[in-house]
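Here are a few notes on the charged pairs, for someone opening this structure for the first time. Have it on screen as you read.

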Amino acid sequence: MRMSRTTKPHDLFGKAMPRRRAPLETSLLRLDRATFDHRLERLQYLDNVFPKGMAYMLPLETHFLFQEAKAAYVAGLSIAVVLLTQAFIEHYYQLCLQHGPHSSVAERGLAAISDCLRKHKLEHDIILKRVDELRLIRNPFTHLKDFGHPHNLSQRAYSTRQNPDTLLEQDAKNSLDALFAIIQHSKFKA
C-alpha cells in the first residue's frame, strides 16, 4: 500500500509513529531554540526605538532595504545591518536631493551627499556626524583595506579592547539608531 506524504506511518498495532526529522531540520530547530532569547531581545529593542505612526512613500528598493535591515538585526546579522542601513540612508538622501538645486550630488555617493548637506547646512550636524561614523565602519566591509587600517574590525577591536562580536552588535545598533534619527529628526522628508 502506498502512503501519501500526509499519512503518518503506523506500528504493527496501528499506533501512529512519530515522524523522524531530517538532520537539517533538526539542526535548524536546535539553532532556533539556541538563539530565540537573543532574537527576542533584539526584536523588543526595535519595538522600543522604532518610530511609531510614520509612513513614507518610498521606492520598493528603499522600502525593502529598511525591512531587511530590521529583520537582519533581529536575526543577529550585524554586518548586514550596517550595510543595509547605510544603503537606506543613501537612498533617503538621494530622494531628498534629486529634485532640488543639489541634484547633481544625489548620485555621487554618501560621502559627497554628506559633504553637500553639511556645506549648505541642509541637515543637522549631529546626524551627519553619525552618518560619517557609519560610513567609516561600513567601508572596510565593502572596500578591502590594509590590516593596519584604523577602521578595520580587527584594529577597532584591538584599540577598544572589545570582542569583535560585541563590537559588531554595537555597530548594528548604532547603525539603526542613525537610521531612526534620520527618519525622525531630519530636516528633509523624503
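1. A quick word on terms before we start: helices here are DSSP runs of H or I with at least four residues, and they are numbered from the N terminus. Also keep in mind that this is a predicted model.

2. Start in helix H5, which covers residues 125-142. Aspartate 132 and arginine 135 sit three residues apart there, so about one helical turn separates them. Their side chains form a salt bridge, with N to O at 3.6 Å. Are these two buried or exposed? Both aspartate 132 and arginine 135 are buried.

3. Next, look at aspartate 171 and arginine 156, another salt bridge, where the closest N and O atoms are 2.5 Å apart. Aspartate 171 belongs to helix H7 (residues 164-185) and arginine 156 to helix H6 (residues 153-160), so this pair ties together parts 15 residues apart in sequence. Aspartate 171 is buried at 3% relative accessibility, and arginine 156 is buried as well, at 12%.

4. Back to the pair in point 2, which has company: Arg118, Asp132 and Arg135 are joined into one network by salt bridges that share partners.

5. Now for a pair in a more open setting. Arginine 39 and aspartate 32 make a salt bridge through their side chains, at 3.1 Å from N to O. Arginine 39 is partly exposed, with a relative accessible area of 22%; since buried means under 20%, arginine 39 falls outside that class. Aspartate 32 is partly exposed too, at 39%.

6. How many salt bridges are there by this rule? The count is five.

Terms used
Residues numbered from 1 in each chain as written. Predicted model: local features only at pLDDT ≥ 70, side-chain atom pairs only at ≥ 80, totals over all residues. Heavy atoms only, no water. Salt bridge = Lys/Arg side-chain N within 4 Å of Asp/Glu carboxyl O. Buried < 20%, exposed > 50% of the residue type's maximum accessible area, 1.4 Å probe, protein only. Helix = DSSP H or I, 4+ residues; strand = E, 2+ residues; numbered from the N terminus.
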